[in-house]
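Let's take a walk through a protein structure together. Keep the picture open while you read, and turn it around whenever a new part comes up.

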Amino acid sequence: MKCCFLRRVLAGLLVLGMAGTAGAAPRQLNVYNWSDYIAQDTVPGFEHATGIQVRYDVYDSNETLQAKLLAGHSGYDVVVPSSNYAARQIAAGAYRKLDKSKLPNLRYLDPALMRLIADVDPGNQFVVPWAWGTTGLGYNIKLARAALGANAPLDSWDVLFKPENVAKLRPCGVSMLDSPADVFPAALHYLGRDPNSTNPADYQAALALLERIRPYITQFNSSGYINDLAGGDICLAYGWSGDVTIARHRAHEAHKPYEIRYVIPGGGAPVWFDVMAIPIDATHVDEALQWVNYIETPSVHAAITNAVFYPSANLAARKYVLPEVARDPSVYPPAPVMQSLYMLKPLPPDITRLQTRLWTTFKAGR
Ligand code: N2P
């Protein structure tokens, strides 16, 4: 009798227990981030630490993210815009103010970088830095030297912007970021104009420069160019520092008979910050805050830098960054190069629209 009673109690507990599990749907988080921007173990590590299930989607342009945000109901709980885009999105009310009591790991962030970010997010209320990087030239050194001559200088914007140079690279493949907001500043700067110009005439001049090199650009691409560089399908890319460095490592690991190299040409290049933010209509806010805080765990952020070669603003993460990554000038540019960089700033909407219109003209040309 006693045994059966016990059995019944146990069975009842089991049913209750199962009902408990079945009733509580696992907590969810929907993350939307740039492609090739995370370590392999970042999402599993978060899921393991929190029990929250992550749906992780990727994009490769600020325009794509912005279109989703402005349409509303993106379904995402955390997104990662560049800071110059975030500025306008914050002003437009696209993001939720961060509850910093849930973000103790913010104490690890570099105050100097936070002050820089405060230019676009006064009081650091809406966004938390994810990573930063530069935009420069990625080479397949062997192919580029064969095309340009063994002694041609590779550390000059003339390689990209002088038609006679880039024409020689056309046969081995020239890739350009499919992003007016990343290309116009470099063209303007090359012309000696303000890379963040708000003068429409400057953009016409930049377009004229770009149109002269248009015939030699073989693809517009902001993510697949990593594999194209690594695989020897292109010899020059105007691209992002970490992406080109990923390509360098992939080529090396695959024992390719060539070297991929990232170069910040003399005279300066764009520098940018990408930041995490929680859309105003996010439905998993607490989970989103847990994600942001998890990312700012020093060892977690360092693992991301070690995997995709973009530095973070997390000072305490630096000691976990692998020595060979920490001393790689493609990842952490030396001080004199840092001084030559110019920050991409928020632009008024009419200038962004002008960029987009001219970009369409530029791309359609041959
Ligand atoms: C990641 C590239 C992100 C840099 N693949 C653009 N802000």
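Before we start, one term: two residues are in contact if their C-beta atoms, placed from the backbone, lie within 7 Å. And keep in mind that what you're looking at is a predicted model.

Now try that term out on Val275. If you skip the neighbours within four places in sequence, Val275 is in contact with Val80, Pro81, Ser83, Ala86, Ile117, Val127, Val128, Pro129 and Trp130. Val275 also turns up in the largest nonpolar core, which has 96 residues. Val78, Leu229, Leu236, Val275, Met276 and Ala277 are the ones that touch the most other members of that core. Which helix gives the most to this core? That's helix 9, residues 180-190, with seven residues. And where does the core sit? Domain 1 (28-132 + 272-332) and domain 2 (133-271 + 345-364) both give residues to the core, so the core lies between them. As a general background, nonpolar side chains tend to be buried together in soluble globular proteins.

Let's zoom out for a moment. The chain holds 17 helices and ten strands, and its C-alpha trace spans about 95 × 45 × 40 Å along the principal axes. Of the 366 residues in the chain, 42% are buried. Look at contacts with a separation of 6 or more, and you'll find that residues 24 or more positions apart account for 74% of them.

Back to the two domains. Taken over C-alpha atoms, their centres are separated by 26 Å. Where they meet, 17 residues of domain 1 are in contact with 17 residues of domain 2. On the side of domain 1 that touches domain 2, helix 4 and strand 4 each supply at least two residues. Helix 4 has the largest share there, with three residues. That side of domain 1 divides into nine nonpolar, five polar and three charged residues.

Since helix 4 keeps coming up, let's look at it properly. Is helix 4, residues 83-91, mostly covered or mostly uncovered? Mostly covered: seven of its nine residues are buried. The buried ones are Ser83, Asn84, Tyr85, Ala86, Ala87, Gln89 and Ile90. Two of these, Ser83 and Ala86, are among the contacts of Val275 you met earlier. What covers the buried residues of helix 4 includes helix 3 (62-71), helix 5 (111-117) and strand 9 (270-276). After helix 4 comes Gly93, which has a positive phi, near 80°.

Next, find the open sheet of three strands, with the order 2-1-3 and parallel pairing. Strand 2 (53-59) and strand 3 (78-79) stand at the edges with a single partner strand each, so one side of each has no neighbour in the sheet. Strand 1 (residues 28-34) and strand 2 run parallel and are joined by seven bridges. For a spot to click on, try Leu29, which stands opposite Val54 in strand 2. In general, strands of a sheet pair through backbone hydrogen bonds, either parallel or antiparallel.

Now for the ligand. Around it you'll find Trp34, Ser35, Asp36, Tyr37, Ser82, Gly133, Trp240, Asp243, Trp272 and Asp274. This shell divides into four nonpolar, three polar and three charged residues. Both domains take part, with domain 1 and domain 2 each giving at least three residues to the shell.

One member of that shell, Asp36, deserves a closer look. Most residues other than glycine have a negative phi. Asp36 isn't a glycine, yet its phi is positive, about 50°. You'll find Asp36 in the loop between strand 1 and helix 2 (42-50). Asp36 counts as partly exposed because it has 19 C-beta neighbours inside 10 Å, and a residue needs 20 or more to be buried. Asn124 is another non-glycine residue with a positive phi of about 50°. Asn124 sits in the loop between helix 5 and strand 4 (128-140). With 19 C-beta neighbours inside 10 Å, Asn124 counts as partly exposed too.

Our last stop is Val285, in helix 13 (residues 285-295). Val285 has 17 C-beta neighbours inside 10 Å, so it counts as partly exposed. Leaving out neighbours within four places in sequence, Val285 is in contact with Arg96 and Ile278. Its C-alpha atom is separated by 39 Å from that of Asp194, and the two residues are 91 residues apart along the chain.

Notes: Residues numbered from 1 in each chain as written. Predicted model: local features only at pLDDT ≥ 70, side-chain atom pairs only at ≥ 80, totals over all residues. Core = buried A, V, L, I, M, F, W, Y, C linked by C-beta atoms within 7 Å. Buried ≥ 20, exposed ≤ 12 C-beta atoms within 10 Å, placed from the backbone. Helix = DSSP H or I, 4+ residues; strand = E, 2+ residues; numbered from the N terminus. Domains from an automatic or database assignment. Pairing = 2+ DSSP bridges. Near = placed C-beta within 6 Å. Nonpolar A, V, L, I, M, F, W, Y, C, P; charged D, E, K, R; others polar.
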